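Open the model in a viewer and keep the selection panel at hand. The stops below can be followed in order.

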Amino acid sequence: METFGQNPCKVRRPCENNDLNRATRASPLPPVTTICRPETGIGFNQTPSPPPISAKIVLMQHIYSTWRSEYIGRDKHNEGCAFCLALKEQDSPENLIFHRGETCFIILNLFPYTSGHLMVVPYTHTNQLSDLPAETLNEMMQLVQKAVRVLEEVYHPQGFNVGLNLGSAAGAGIAAHMHMHVVPRWQGDANFMSVIGQTRVMPEDLGLTYQRLSEAWQADSN
Ligand SMILES: [Zn+2]
């Protein structure tokens, strides 16, 4: 993955009812024209039939674990900024927020690119980097620094993508409320199923990710 440029609005996953304007669905995938087959709710043990390679629009199927259905179904009626909505809820595996700082908080990505994919988000609802004072910017990077350290301890990744998608044209899922992605990476984690098989295997259960990261975060005193 070289960039953070995918436009999530071009992604269609089964059973999501086009409700894609969801912060925790923000994805840092590379820029591709990718449309999933909405009519196929492929089962976990089914083998997808890849579309012709010559197809101009690549049809991508997602193999879903059953636990994901609750996340897909739970927020379809939400409106407004998902980050600001999550902030109004109590922190738990439900709202996916596991740390609140002075100016920023940390939330898991609802559809993680890899296990441990999280986002550092300022409390301020803005799409302008210039709106954020130095205090907020400093804490954002401090939280990114700790997040990388905690993710290294928990998942032992071989690398990270860290970055901002500013504006929908740059691939921001929630363009109105800027946020910084922290994505653990492993060699070959995106080069087989996505590129060749038009299929992505989803990472571990988000509830488990939440538990592992929140515990490791609190245990890290630095
Ligand atoms: Zn917001």
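Which residues touch the most other members of the largest nonpolar core? Select Leu96, Ile106, Ile107, Val120, Ala147 and Val182: these six have the most contacts with other members of that core, which holds 33 residues. Bear in mind throughout that the model is predicted.

Now colour the elements that feed this core. At least two residues each come from α2 (82-87), β3 (97-100), β4 (104-108), β5 (118-122), α3 (134-155), β7 (180-185) and α4 (206-219). The largest share, six residues, is supplied by α3. As a general background, nonpolar side chains in soluble globular proteins tend to be buried together.

Zoom out for the overall layout. The protein has four helices and eight strands, and their order along the sequence is β-β-α-α-β-β-β-α-β-β-β-α. Of its 222 residues, 32% count as buried. Among contacts with a separation of 6 or more, 69% are between residues 24 or more positions apart.

Return to the core and select Ile106. Which residues does Ile106 contact, leaving aside its neighbours within four places in sequence? Show Ile97, Phe98 and His99, then Leu118 and Val120, and finally Leu143 and Ala147; these are its contacts beyond that window.

Next, select Leu96, in the loop between α2 and β3. Is Leu96 buried or exposed? With 24 other C-beta atoms within 10 Å, Leu96 is buried, since the cut-off for a buried residue is 20 or more. Check its backbone as well: phi is positive, about 70°, although Leu96 is not a glycine.

Go to His156, in the loop between α3 and β6 (159-164). His156 is another residue other than glycine with a positive phi, here near 50°. Its surroundings contrast with those of Leu96, which is buried: His156 has 9 other C-beta atoms within 10 Å and is therefore exposed.

Select His181 in strand β7. His181 is buried, because 24 other C-beta atoms lie within 10 Å. Draw a distance from its C-alpha atom to that of Ile107: the separation is 9.8 Å, although the two residues are 74 residues apart along the chain.

Now display α3 and α4 alone. How do the axes of α3 and α4 cross? They come within 10 Å and cross at roughly 120°, so the two helices are oblique to each other. The crossing of α3 past α4 is right-handed. To see the contact itself, show Val150, Glu153 and Val154 in α3 together with Arg212, Leu213, Ala216 and Trp217 in α4. By class, this contact has five nonpolar residues, two charged residues and no polar ones.

The last stop is Asn127, in the loop between β5 and α3. Asn127 has 14 C-beta neighbours inside 10 Å and therefore counts as partly exposed. Which residues does Asn127 contact outside its neighbours within four places in sequence? Select Gly167, then Ala175, Ala176, His177 and Met178. A further distance to draw is from the C-alpha atom of Asn127 to that of Ile174: these residues are 47 residues apart along the chain, and the two atoms are separated by 9.0 Å.

Key:
Residues are numbered from 1 along each chain as its sequence is written. This is a predicted model: local features need pLDDT of at least 70, side-chain atom pairs count only at pLDDT 80 or more; totals for chains, interfaces and linings use all residues. A nonpolar core is a set of buried Ala, Val, Leu, Ile, Met, Phe, Trp, Tyr and Cys residues joined through C-beta atoms within 7 Å. A residue is buried if 20 or more other C-beta atoms lie within 10 Å of its own, exposed if 12 or fewer, and partly exposed in between; C-beta atoms are placed from the backbone. Two residues are in contact if their C-beta atoms, placed from the backbone, lie within 7 Å. Axes are lines fitted to C-alpha atoms, for helices over the stretch in contact, and angles run from 0 to 180 degrees between N-to-C directions. Angles under 35 degrees count as roughly parallel, over 145 as roughly antiparallel, 65 to 115 as roughly perpendicular and the rest as oblique. A crossing is left-handed if the near helix is turned anticlockwise from the far one by less than a right angle, and right-handed if clockwise. Ala, Val, Leu, Ile, Met, Phe, Trp, Tyr, Cys and Pro count as nonpolar, Asp, Glu, Lys and Arg as charged, and the others, Gly among them, as polar.
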